[in-house]
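Student: I am new to this structure; could you take me through its features one at a time, giving the general idea before each case?

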Amino acid sequence: MEIFIIIIGAIFVNNIVFSQFLGICPFLGVSNKISTAVGMSGAVVFVITLATLVTFLIQEYILIPFGLEYLQTISFILVIASLVQMVEIILKKITPSLYQALGVFLPLITTNCAVLGVAIMVIQQNFTLGGGLIFAFATAIGYGLALILFAGLREQMELNDTPKAMKGTPIALITAGILALAFMGFSGLV
Amino acid sequence: MNQLQNFTKGFIKESPTFVLMLGMCPTLGVTTSAVNGLGMGLATTAVLVLSNIIISCIKSLIPDKVRIPAFIVIIASLVTVVQMCMEAYLPSLYASLGLFIPLIVVNCLILGRAEAFASKNGVWSSFVDGAGMGLGFTFGLTVLGMVRELLGNYAVFGHKLVQGDGILVFVLAPGAFLALGFIVAFINAIRKKA
């Protein structure tokens, strides 16, 4: 039951894009087409889950025993950057087809603050390893959901006749605002 | 380009918040009030100025292939310093900015300036560029914070102008997107006419 609450909370109630404002740059940047949004979502789910696992272990077995908690930010971002690079190399070697689908998005993920944000949130909210991984996975699914929903809306919006000054980013931001309003309907669910 | 133009470009022409759309996460996340926006902007400015200075000093020592990881290490160390100072001297601001302080590391504005400017220019121009861009970012965040606070709470910098609750949605998450969207549209409309 508790797991169910974590999952619903992370996907809908505290959606990482619409209520926490993490990962907005790629959210606005790669949401022009549904196909790229799907690719990016896949890469994000993969990297967030993996990064949370690794950073959790580093925090628990290296930083805390040696009293180095203040190195959290530096060590996490370095680990995430090298992890992304490693995932890229491994995917290229083992499953070229998956690499074709996710490859272009991987370098973008290092600067996606959602990855570092989730890794730090898991530590701050005192999750266990299992709970933290479920939380990270569900949050990433929530990110993917937001990205794909938004890409679908933007594809339709291309065909609309928007006022000149609103074209591009402004109308995208306003759409995101309305979508965030819709997501507010989930608050109080958990 | 002279130093004055170099300094002022961050405010209007290349405003990170309203034109380049860089560093969107803190822009939307912390601007529930003008004070928070100002605090976040100044913290980012401090990191940006110092990282620009350091990177332009050691740019010839960093091998080209590992420059991005090297920049990230420099930025992350500076963020940790800022984080610790803030926790010690401004605990209430630190609490309200929360997660977004460590996330200054992945603010694309800072890495972007390091890569596009500080790694190619001298120390003095890098300092001016960092200060201009940082203060431009601060300006953008403060304006957005003021608009949201004014509409959502009828207040400016915490001082109530009109009694009452305001349009609550502007302080909540959706208001961030809506307010920024309308401000950017407004600026676009002026730029197109001029």
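Tutor: Let us begin with contact, which means heavy atoms within 4.5 Å: here 36 residues of chain A are in contact with 36 residues of chain B. The model is predicted, so to speak of local features needs pLDDT of at least 70, and side-chain atom pairs count only at pLDDT 80 or more, whereas totals for chains, interfaces and linings use all residues. Residues are numbered from 1 along each chain as its sequence is written, chains are lettered from A in the order in which they are written, and side-chain values use heavy atoms, with hydrogens and water left out.

Student: What is the area buried between chain A and chain B?

Tutor: Buried area is the accessible area (1.4 Å probe) that two parts lose on being put together, summed over both. Between chain A and chain B it is about 3,000 Å², and carbon and sulfur atoms give 87% of that.

Student: Which elements of chain A give two or more residues to the side that touches chain B?

Tutor: Helices (H or I, at least four residues) are DSSP runs numbered from the N terminus. On the side of chain A that touches chain B, the elements giving two or more residues are helix 2 (24-29), helix 4 (72-94), helix 7 (113-124) and helix 9 (169-184) of chain A. Helix 9 of chain A provides the largest share, ten residues.

Student: How many salt bridges does the rule find across the interface of chain A and chain B, and how many does the structure hold over all chains?

Tutor: Side chains of opposite charge can pair when their charged atoms come close. A salt bridge is a side-chain nitrogen of Lys or Arg within 4 Å of a carboxyl oxygen of Asp or Glu. By this rule there are zero across the interface of chain A and chain B, while the structure holds four over all chains. One of them joins B:Asp129 and B:Lys9, with the closest N and O atoms 2.7 Å apart. This pair links distant parts of the chain, 120 residues apart, as B:Asp129 lies in helix 7 of chain B and B:Lys9 in the loop between helix 1 (3-8) and helix 2 (24-29) of chain B.
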